[in-house]
Amino acid sequence: MKGAHPEISRQLNQTQRFRKGLDTRYPKELSGGQRQRVAIARALARRPELLLDEPMSNLDAKLREEMHIERRAIQKRLGITMILVAHDQVEAMTMSDRIAVMQRGRIAQLSTPVDAYERPATPFASTFLGRTNTPPGEVLRRNPRCAEVDVAGTTLHVPHEGRDVQGAVHVYIRPEKVYLANGDARMHGRIATRVFIGNQWLLEVDTELGKLHVAQPNYGAPPPEEGHEVGLSFTDDDLRVLTRESAHGNA
């Protein structure tokens, strides 16, 4: 295509190479990934602003990961606007510069993916973007930096980030922020469930704060077996606190 954007030409060239040996096939005879690439090339030919509605819902996990990278690279090279609608939190965070977490038709949080995940603005935003631990507590007192929160008889010093938190609250901490510890353990618990998912181990540990989920990277020896007592620790800076409300509302 004469005068076309280099990225469009690249996609069309890829499609031409792809057609060799496949040009007589009907769309239903192509794989999911092949159909995705044809659809991208056709859409890019007009250089539109794209609305992508659950674009990878029918692809397997490996192909979804590949398409995340490819679509993100295309968007960056072309500099076009893409609006992605997705229930897959990983897909939304991977593909976006800004993310809007929707709850019952309203925006619960609008921010960068990192802020949405690390500094959720509402209980719903915290629980929607990935697994998190949410033990309930009660604010004892509040100073300019943190709130002292009683959780099942344990006092935690939680940064409040300027929020006017008081009374009944939930404390939030992501599973990957909780780690197995020995001498520096802040609490102890017993492993109830241990699941291996390749790059990490997922643990459910019964503690004095209730059940805590722990994500341990698979970097060496596996964690102890189910039923074993372990020490757990975390840093106060990884805790978040939000006033208790309807934390599990509908998206």
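This report looks at one open sheet and at the cavities in a predicted model.

**The sheet**

Let's start with the strands. Five of them form an open sheet, in the order β9-β13-β10-β11-β12, and their pairing is antiparallel. At the edges sit β9 (179-181) and β12 (210-217), each of which pairs on one side only. From one strand to the next, the twist averages 50 degrees.

Within this sheet, β10 (residues 187-196) runs antiparallel to β13 (residues 229-233), and four bridges join the pair. If you would like a spot to find in the viewer, try Arg190, whose bridge partner in β13 is Glu229.

**The cavities**

Now for the empty space. Rolling a probe the size of a water molecule over the atoms shows where such space is left. In this structure there are two cavities of 30 Å³ or more, set out here.

| Cavity | Volume | Lining by class |
|---|---|---|
| Largest | About 80 Å³ | four nonpolar, two polar, five charged residues |
| Second largest | About 40 Å³ | nine nonpolar, no polar, no charged residues |

Which residues line the largest cavity? They are Tyr117, Glu118, Pro120, Ser126, Thr132, Tyr172, Ile173, Arg174, Lys177, Asp238 and Arg240. By class, five of these lining residues are charged.

The second largest cavity has a lining of Pro135, Leu156, Val171, Ile173, Val178, Leu209, Leu212, Phe234 and Leu239. Its lining has nine nonpolar residues, with no polar and no charged ones. Ile173 is worth a look, as this residue appears in the lining of the largest cavity and also in that of the second largest.

Methods
Residues numbered from 1 in each chain as written. Predicted model: local features only at pLDDT ≥ 70, side-chain atom pairs only at ≥ 80, totals over all residues. Heavy atoms only, no water. Pairing = 2+ DSSP bridges. Helix = DSSP H or I, 4+ residues; strand = E, 2+ residues; numbered from the N terminus. Axes fitted to C-alpha atoms, helices over the stretch in contact; angles between N-to-C directions. 1 Å grid on protein atoms, 1.4 Å probe; cavity = no way out; pocket = protein on both sides within 12 Å on 5 of 7 lines; lining within 4 Å. Points joined across faces, edges and corners; volume = space filled by probe spheres on them. Nonpolar A, V, L, I, M, F, W, Y, C, P; charged D, E, K, R; others polar.
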